[in-house]
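Here are my notes for someone opening this one for the first time. Have the sequence and the model side by side while you read.

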Amino acid sequence: GRGAGSLVPRLPQLDYLISYSLSKAFGISGGAVSCSRKQASFLRTLPEYAAVTPTLPAQAYAFISGQELYAQQREKLKENIRYFAGCVEGMQGIRYHPDLPVFVLTEEFDESLLYRAGIIISSFAYPDPAGDKLNRIVLNALHTRPDLDYLASCLYKLYSH
């Protein structure tokens, strides 16, 4: 919940500039740049700085005002990750990192079997249409324990055949 920037080592000889989108994690149209005051002052002189479409004020206000809700939802998401990881522990063909809400299934997994059970996962060729298929279950804070139990039971059935 702290973003990839929190993993970057802080070294006095380095001056980082990190640009990122707010849309994937927060659903906000726009992006941001984290950098030093000196870098920010320079960026503000560039024509591109003024040409960028800014985040809508209402979205920025909601984001800033909703920090407590974001924190609560992050905790729910962390609990969902822990719970689902326990549900699929030891199941062959599922890889995941305990801090991420993504559970990767094998390339040969037929996602249409889950679809028939009312479950939609992220499944696409990567890095291009000719690439290997990437099958991912992506959890969010709105998933309930019954949702996760149902998903796990479907996976057990499919992987046991």
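1. Let's start with one residue, Q39, which is found in helix α2; helices (H or I, at least four residues) and strands (E, at least two) are DSSP runs, numbered from the N terminus. At 18% relative accessibility, Q39 counts as buried, where buried means under 20% relative accessible area, exposed over 50%, and partly exposed in between (1.4 Å probe, protein chains only). Leaving aside neighbours within four places in sequence, Q39 is in contact with D15, Y16 and L17; contact means heavy atoms within 4.5 Å.

2. A word on what you're looking at. This is a predicted model, in which local features need pLDDT of at least 70 and side-chain atom pairs count only at pLDDT 80 or more, while totals for chains, interfaces and linings use all residues. Residues are numbered from 1 along each chain as its sequence is written, and side-chain values use heavy atoms, with hydrogens and water left out.

3. Helix α2 turns up again at a pocket. The second largest pocket has a volume of about 520 Å³ and is lined by 17 residues, with G31, A32, V33, L43 and Y49 nearest its centre. The elements giving two or more residues to that lining are β1 (17–21), β2 (31–35), α2 (37–43) and α3 (47–51), and β2 gives the most, with four residues. For the terms: on a 1 Å grid over the protein atoms alone, a pocket is an open set of points where a 1.4 Å probe fits, with protein on both sides within 12 Å along at least five of seven lines, and lining residues have an atom within 4 Å of a point. Grid points are joined across faces, edges and corners, and the volume is the space filled by probe spheres set on the points.

4. Now the core. The largest nonpolar core has 20 residues, and those with the most contacts inside it are F84, V88, F103, L105, L114, I137 and L155. Such a core is a set of buried Ala, Val, Leu, Ile, Met, Phe, Trp, Tyr and Cys residues joined through side-chain atoms within 4.5 Å. Helix α5 (67–88), strand β4 (102–105) and helix α7 (145–160) each supply at least two of its residues. Take V88: not counting residues up to four places away in sequence, V88 touches I94, F103, A152, L155 and Y156.

5. Which strands does β6 pair with? Strand β5 (residues 122–126) pairs with β6 (residues 132–138) in the antiparallel sense over five bridges, and β4 pairs with β6, also antiparallel, over four bridges. Two strands pair if DSSP finds at least two bridges between them. In β6, A125 stands opposite K133, R136 is the bridge partner of S122, and V138 is that of V102.

6. Look at the turn, too. β5 and β6 form a hairpin with five residues between them. P127 sits in the loop between these strands, and a cis peptide bond joins Y126 and P127, with omega about 10 degrees.

7. On the other side of β5, I120 lies in the loop between α6 (111–116) and β5. I120 is exposed, with a relative accessible area of 70%. The C-alpha atoms of I120 and V138, 18 residues apart along the chain, are separated by 9.6 Å.

8. Last, the cysteines. How many disulfides does the structure hold? Zero, taking a disulfide as a pair of cysteine sulfur atoms within 2.5 Å. For C154, the nearest cysteine sulfur is that of C87, 12 Å away. C154 is buried at 8% relative accessible area, whereas C35 is partly exposed at 28%.
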